[in-house]
Amino acid sequence: MADSRRPQSARPKVGFIGAGKVGTAMALALSRAGYPVVAVASRSLSSAQRLEAQVDGCRTFAGVDSVAQVSDLVFVTVPDDAIAAVAAEVAWRPGQMVVHCSGSLAAGVLEPARRIGAAVGGLHPLQTFADSERAADALDGSTFGLEAEDAGLSAVLGDMVEALGGTAVLLRAEDKPLYHAAAV
């Protein structure tokens with residue numbers, strides 16, 4: 001599953017806020033594809049520590065700001081109804097990339113990060129997540145809904161999808177309701 005388009009050294013350092021099934025599966029798959037997954041924070045410390053134990057180089061942090069400080073790209077993989085609150089509480093940096101994995105919410109839910117100067121987007125793997133390990137394996141060949149207005153972020157996410165062996169479907173914010181309904 002190596003990505004031939006982007007050398008590993010040029011890949012962004014990736015962090016996760018939320019270590020549930022989706023966050024864990026995405027972190028495992030990205031790590032296996034050669035992305036440096038460097039940080040995780042989660043409401044459940046034990047979930048974060050489980051992810052840390054499975055991914056070389058990943059560290060558990062008690063606070064979400066610490067994940068943002070050490071990561072170039074942060075996946076916010078918390079439940080949909082918590083994404084906006086997390087986006088509002090983190091000390092984002094200009095130029096940072098912030099992405100959620102919701103199939104129903106547009107990237108606008110990350111507006112607090114965008115106001116600081118971060119590039120925001122969505123990357124939704126179109127599959128079930130009953131078990132993180134199996135889901136991580138199943139990402140190879142999956143379709144991903146990709147929403148990003150920033151061309152640089154869109155390219156990074158497109159490279160990630162390719163490294164995972166997936167296919168990206170480019171979405172606009174107004175496409176999300178129809179995309180989500182079709183996915184259900």
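Buried means under 20% relative accessible area, exposed means over 50%, and partly exposed lies in between. Keep that scale handy for these exercises on a predicted model.

**Exercise 1.** Find out how Glu111 and Arg114 are paired, and place Glu111 on the accessibility scale.

*Solution.* Start with the distance: the closest N and O atoms of Glu111 and Arg114 are 2.9 Å apart, and the two form a salt bridge. Next, look at the helix: both sit in α5 (residues 111-116), 3 residues apart, which puts about one helical turn between them. Finally, read the accessibility: Glu111 has a relative accessible area of 28%, so Glu111 is partly exposed. Arg114 is also partly exposed, at 28%.

**Exercise 2.** Work out which parts of the chain the Arg114 and Glu149 pair ties together.

*Solution.* First, the side chains of Arg114 and Glu149 meet in a salt bridge at 3.7 Å, N to O. Arg114 belongs to helix α5, while Glu149 lies in the loop between β7 (143-148) and α7 (151-163), so the pair links parts 35 residues apart in sequence. Glu149 is exposed, with 70% relative accessibility. Now put the pairs together: shared partners join Glu111, Arg114 and Glu149 into one network.

**Exercise 3.** Explain why Cys58 and Cys101 do not form a disulfide.

*Solution.* Check the sulfurs: a disulfide needs them within 2.5 Å. The sulfur of Cys58 is 15 Å from that of Cys101, its closest cysteine sulfur, so the gap is too far for a bond. Accordingly, the structure holds 0 disulfides. As for accessibility, Cys58 is buried at 5%, and Cys101 is buried at 11%.

Key. Residues numbered from 1 in each chain as written. Predicted model: local features only at pLDDT ≥ 70, side-chain atom pairs only at ≥ 80, totals over all residues. Heavy atoms only, no water. Buried < 20%, exposed > 50% of the residue type's maximum accessible area, 1.4 Å probe, protein only. Salt bridge = Lys/Arg side-chain N within 4 Å of Asp/Glu carboxyl O. Helix = DSSP H or I, 4+ residues; strand = E, 2+ residues; numbered from the N terminus.
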